[in-house]
Amino acid sequence: QVQLVESGGGLVQAGGSLRLSCAASGSIFRTNTMGWYRHFPGKQRELVASITSGGGTNFADSVKGRFTISRDNAKRTVDLQMNSLKPEDTAVYYCNANVVLVGARYEKDYWGEGTLVTVSS
């Protein structure tokens, strides 16, 4: 029903930058909050950053000042610009979108398949 396609992960040296992109497609009536989460081995998935349809943002304390998030409502895309990357940012990053499907009464969360970000020291 909804597909979230991520791109932009990879290997980068500490201090470098990467940009993650995510595009939502499917029978979407409305896309509410979109965001990025990350998963460290042995830990629960955690929020990295999110952005509402009105542009309000929320960031994990660990990435404030280094990461920015943006979205294009018309294209249903969300981007995460990651600067000053640290080895501890190494994780699988997942795109998330809260969506109301065409004909649906309720919103639902959807997830991408994840993209690996590796930061070498």
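**Trp111 and its surroundings**

Trp111 is partly exposed, with a relative accessible area of 37%. The model described here is predicted, and this tryptophan makes a handy starting point for a walk through it.

A single aromatic pair is counted in the structure. Its members are Tyr37 and Trp111, whose ring centres lie 4.9 Å apart with the planes at 70°; since planes over 60 degrees apart count as edge-to-face, the pair is therefore edge-to-face. The contact brings together distant parts of the chain, as Tyr37 belongs to strand β4 (residues 28-39) and Trp111 to strand β10 (residues 107-111), 74 residues apart. Like its partner, Tyr37 is partly exposed, here at 23% relative accessibility.

Arg45 joins the picture from the charged side. Its charged end sits over the ring of Trp111, 4.5 Å from the ring centre. The charged end of Arg45 also sits over the ring of Tyr94, in this case 3.8 Å from the centre.

Turning to the sheet, four strands are arranged in the order β1-β3-β8-β7, forming an open sheet with antiparallel pairing. The edges are taken by β1 (2-7) and β7 (67-72); each has a single partner strand, so one side of each lacks a neighbour in the sheet. From one strand to the next, the twist averages 15°. Within this sheet, β3 (residues 18-26) and β8 (residues 77-82) are joined by six bridges in the antiparallel sense. Leu18, for example, has Met82 of β8 as its bridge partner.

Technical notes: Residues numbered from 1 in each chain as written. Predicted model: local features only at pLDDT ≥ 70, side-chain atom pairs only at ≥ 80, totals over all residues. Heavy atoms only, no water. Pairing = 2+ DSSP bridges. Helix = DSSP H or I, 4+ residues; strand = E, 2+ residues; numbered from the N terminus. Axes fitted to C-alpha atoms, helices over the stretch in contact; angles between N-to-C directions. Phe/Tyr/Trp six-rings, centres within 6.5 Å; stacked < 30°, edge-to-face > 60°. Buried < 20%, exposed > 50% of the residue type's maximum accessible area, 1.4 Å probe, protein only. Lys NZ or Arg CZ within 6 Å of the ring centre and 35° of its normal.
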